[in-house]
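Please open the structure in your viewer and keep the selection panel at hand, since each stop of this tour begins with something to select.

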Amino acid sequence: YLNEQIESISDRHLKKLIKNMFNDEKFMAIFKRTPAAMKLHHAYVGGLLEHICEMMKFALPMCEVYQPCNCDLVKAGIILHDIGKTEEIVWKNMSIEYSDRGKLLGHVQIGLQIIDKYRQNDFDGECLQLLQHIIIAHHGRVEYGAVVIPATIEAKIVSLADDSSAKLRGYMSLYEDGVGNGASFSEYSRTLETMVY
């Protein structure tokens, strides 16, 4: 599914950036194993890849409805929004932990550095700036970790898709835990601010 979405990107700069990254076998081996988070959502091997695919399914219909929207930028933003987690979150002694680099810089800053590493020298300046904006704004609000509030339709779509995937996966995890325990409600989640029936 993800390869189909990459192939459908028509912007040559965005497509080349992603292909440069995904053609790096060492990087891809890490990417395929990376969790999307430590606890609440997609906190398992391959969780980041699953999170990205879920986000894509949320975002693409929004791109069609809210025109003019640069769908190539949304697709690239979704693929790259959490790419810094490949260095922020590591597997150590069979558990998920933050790396020293992750603790010091965080996945947003690391993500910008990874993009700089894999982008071609002639990458369009405005396109790069808009992609960087998506990365630094994808948490949606400053109090949630965004460097800035989304200022483009593309950044807002990525932010909404990210939040939807994370929160709904969190609901599913709480639901499954509750069913497994034979309880009517899950434990209370501070992140979701509720119990799930």
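The tour below goes from one selection to the next and says what is found at each place. Keep in mind throughout that this is a predicted model.

**Helix H4 and the loops on either side**

Begin by selecting residues 47-65, which make up helix H4, a run of 19 residues that reaches 28 Å from its first C-alpha to its last, close to the 27 Å expected at 1.5 Å a residue. If you colour this helix by accessibility, you will find a series of buried positions, among them Leu-48, His-51, Ile-52 and Cys-53, and further along the list of buried residues in H4 also includes Ala-59, Leu-60, Met-62 and Cys-63.

Now select His-42, which lies in the loop between helix H3 (25-33) and H4. The phi of His-42 is near 50°, a positive value in a residue that is not glycine, and its backbone is worth a look because most residues other than glycine have a negative phi. His-42 counts as buried because its relative accessible area is 1%, under the cut-off of 20%.

Next, go to Pro-68 in the loop between H4 and helix H5 (71-80). The peptide bond that joins Gln-67 and Pro-68 is cis, with omega at about 5°, whereas most peptide bonds are trans.

**Salt bridges**

The whole structure holds 10 salt bridges, and three of the pairs are visited here. Side chains of opposite charge can pair when their charged atoms come close.

Stay with H4 for a moment and show the side chains of Glu-50 and Arg-169, which form a salt bridge with their closest N and O atoms 3.3 Å apart. This pair links distant parts of the chain, since Arg-169 belongs to helix H9 and Glu-50 to helix H4, 119 residues apart. Are the two partners buried, exposed or in between? Arg-169 is partly exposed, with a relative accessible area of 23%, and Glu-50 is likewise partly exposed, with 32%.

Then select Glu-7 and Lys-15, whose side chains meet in a salt bridge at 3.9 Å, N to O. Glu-7 is partly exposed, at 45% relative accessibility. Add Lys-19 to the selection, and you have a network of salt bridges that links Glu-7, Lys-15 and Lys-19.

For the third pair, select Arg-141 and Glu-143, which form a salt bridge with the closest N and O atoms 2.7 Å apart. Glu-143 is exposed because its relative accessible area is 55%, over the 50% cut-off, while Arg-141, with 43%, is partly exposed.

**The hairpin of E1 and E2**

Select residues 89-92 and 95-98, the strands E1 and E2, which run antiparallel and are joined by four bridges. Following the pairing across the strands, you will see Trp-91 opposite Ile-96 in E2 and Lys-92 opposite Ser-95 in E2. The hairpin has two residues between the strands, and Asn-93 takes a positive phi near 50° there.

**Two glycines in helix H7**

Move on to helix H7 (residues 100-118) and pick out Gly-111, then Gly-102 in the same helix. Gly-111 is buried, with a relative accessible area of 1%, and Gly-102 also counts as buried, at 5% relative accessibility.

Which residues does Gly-111 touch, not counting those up to four places away in sequence? They are Ile-83 and Gly-84. A distance drawn between the C-alpha atoms of Gly-111 and Asp-82, which are 29 residues apart along the chain, comes to 6.7 Å.

Around Gly-102, with neighbours within four places in sequence left aside, the contacts are Glu-87, Glu-88 and Ile-110.

**The segment after helix H9**

For the last stop, select Tyr-188, which is in the segment after helix H9 (153-180). Tyr-188 is exposed, with a relative accessible area of 52%, and together with Phe-185, Met-195 and Tyr-197 it makes a nonpolar surface patch of about 510 Å².

Finish with Glu-193, which is also in the segment after H9. Glu-193 has a positive phi of about 60° although it is not a glycine, and at 61% relative accessibility Glu-193 counts as exposed.

Notes. Residues are numbered from 1 along each chain as its sequence is written. This is a predicted model: local features need pLDDT of at least 70, side-chain atom pairs count only at pLDDT 80 or more; totals for chains, interfaces and linings use all residues. Side-chain values use heavy atoms; hydrogens and water are left out. Patches are made of residues with over 30% relative accessible area and no salt bridge: like charges are joined within 9 Å, nonpolar side chains (Val, Leu, Ile, Met, Phe, Trp, Tyr) within 5 Å. Accessible areas come from the Shrake-Rupley method with a 1.4 Å probe; for residues, only the protein chains shown count as cover. A salt bridge is a side-chain nitrogen of Lys or Arg within 4 Å of a carboxyl oxygen of Asp or Glu. Buried means under 20% relative accessible area, exposed over 50%, partly exposed in between (1.4 Å probe, protein chains only). The expected span of a helix is 1.5 Å times one less than its number of residues. Contact means heavy atoms within 4.5 Å. Two strands pair if DSSP finds at least two bridges between them.
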